[in-house]
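Work through the exercises below with the sequence and the model side by side. Each task is followed by a solution that goes step by step.

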Amino acid sequence: MNVYSWFRLSKKGSLSQSATTTATSNQNDEEQLYGITEELIDLIKSFTLETFKNFNLQDEQGADDGAESTSGNIQKDLSDWQEKHAVLVLSRAKELSQLRFRLCPRYLKEGQFWRIYFILVKNYVAKYELHAIRMEKLKQIAAENKKKDSNTNGYEVEMLESRKPTHPEPTTSLE
């Protein structure tokens, strides 16, 4: 092996290492965006089977009323943000994944499990969910403004075109 092949190998290794670092950074950013913090993971580790089994959902009946209705009789219990949070937290906190496996469907329905979970972690994730809602609202406003700007430009062009004379002046030729 000569020096040049070693250089190429080490360069490839550093490229894949930087790609891995970037991917990890993106994953950490996404977890932070969805409120997956060390504090939350520590709280989740304190959950037991009894935490969920003994939770009284009757007091939280308002959560049922807030469920979004989708097509037909199917109800969507979780918002898009909550669904993404659930996927991320299940991949990060194996304890919660194991609890869910042991509880559903024997003791709780899937919707009940997640309703209890989000009630328990409400104080930890509420600010992240609120931030996500605000960011989505800002994106919608920006899209509407962009749409308005593009519509305005169309009117301006139309007005400019309407100012052009419709009948050109007859040209006289001098013969």
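**Exercise 1. A salt bridge between two helices**

Task: Find the acidic partner of arginine 100 in this predicted model, and state which helices the pair joins.

Solution. Begin with the side chain of arginine 100, which forms a salt bridge with glutamate 110, the closest N and O atoms being 2.7 Å apart. Next, place the two residues: arginine 100 lies in helix H6 and glutamate 110 in helix H7, so the pair ties together parts that are 10 residues apart in sequence. Finally, consider exposure, where partly exposed covers the range between 20% and 50% relative accessible area. Arginine 100, with a relative accessible area of 27%, is therefore partly exposed, and glutamate 110, at 34%, is partly exposed as well.

**Exercise 2. Salt bridges that reach helix H1**

Task: The model contains 4 salt bridges; determine which residues of helix H5 pair with glutamate 30 and with glutamate 31, and how far apart in sequence the partners lie.

Solution. Take glutamate 30 to begin with: its salt bridge is formed with lysine 84, and the closest N and O atoms are 3.2 Å apart. This pair links distant parts of the chain, since glutamate 30 belongs to helix H1 (residues 3–33) and lysine 84 to helix H5, 54 residues apart. Lysine 84 is partly exposed at 29% relative accessibility, and glutamate 30 is partly exposed at 30%.

Turn next to glutamate 31, which forms a salt bridge with arginine 92, again with the closest N and O atoms 3.2 Å apart. Because glutamate 31 lies in helix H1 and arginine 92 in helix H5, this pair ties together parts that are 61 residues apart in sequence. Here the two partners fall into separate classes of exposure: glutamate 31 counts as buried at 6% relative accessibility, whereas arginine 92 is partly exposed at 31%. As a last step, extend the view to Glu38, which is linked with Glu31 and Arg92 in a network of salt bridges.

**Exercise 3. The nonpolar core and a buried histidine**

Task: Identify which members of the largest nonpolar core touch the most other members, and then decide whether histidine 85 is buried or exposed.

Solution. The core has 30 residues, and those touching the most other members are Phe47, Phe52, Val89, Leu96, Trp114 and Tyr117. Its residues come from several elements, with at least two supplied by each of helix H2 (38–45), helix H3 (49–53), helix H5 (80–92), helix H6 (94–103), helix H7 (110–120) and helix H8 (122–163). For a closer view, follow phenylalanine 47, which, leaving aside neighbours within four places in sequence, is in contact with Phe52, Leu96, Leu99, Tyr117, Leu120 and Val121.

Now move to histidine 85, which is located in helix H5. Its relative accessible area is 0%, and since buried means under 20%, histidine 85 is buried. Not counting residues up to four places away in sequence, histidine 85 touches Tyr34, Gly35, Ile36, Leu40, Tyr117, Phe118 and Val125.

**Exercise 4. Nonpolar residues at the surface of helix H8**

Task: Establish which residues make the nonpolar surface patch of about 260 Å², and assess the exposure of leucine 138 and isoleucine 133.

Solution. The patch is made by Met135, Leu138 and Ile141. Leucine 138 lies in helix H8, and its relative accessibility of 52% counts as exposed because the cut-off is over 50%. Isoleucine 133 is likewise found in helix H8 and is exposed, with a relative accessible area of 52%. For the position of isoleucine 133 relative to another part of the chain, compare tryptophan 81: the two residues are 52 apart along the chain, and their C-alpha atoms are separated by 8.5 Å.

**Exercise 5. The whole chain and its confidence**

Task: Summarise the chain's elements, and locate stretches where pLDDT is below 50.

Solution. The chain has 8 helices and 2 strands, which run α-α-α-α-β-β-α-α-α-α from the N terminus. Of its 175 residues, 23% count as buried, and of the contacts between residues at least 6 apart in sequence, 79% join residues at least 24 apart. The mean pLDDT is 77, with 62% of residues reaching 70 or more. Over residues 2–12 the pLDDT is below 50, and this stretch has 2 contacts beyond near neighbours in sequence. Over residues 63–74 pLDDT also stays under 50, and there the model has 10 contacts beyond four places in sequence.

Terms used:
Residues are numbered from 1 along each chain as its sequence is written. This is a predicted model: local features need pLDDT of at least 70, side-chain atom pairs count only at pLDDT 80 or more; totals for chains, interfaces and linings use all residues. Side-chain values use heavy atoms; hydrogens and water are left out. A nonpolar core is a set of buried Ala, Val, Leu, Ile, Met, Phe, Trp, Tyr and Cys residues joined through side-chain atoms within 4.5 Å. Buried means under 20% relative accessible area, exposed over 50%, partly exposed in between (1.4 Å probe, protein chains only). Helices (H or I, at least four residues) and strands (E, at least two) are DSSP runs, numbered from the N terminus. Contact means heavy atoms within 4.5 Å. Patches are made of residues with over 30% relative accessible area and no salt bridge: like charges are joined within 9 Å, nonpolar side chains (Val, Leu, Ile, Met, Phe, Trp, Tyr) within 5 Å. Accessible areas come from the Shrake-Rupley method with a 1.4 Å probe; for residues, only the protein chains shown count as cover. pLDDT is the predictor's confidence in each residue, from 0 to 100.
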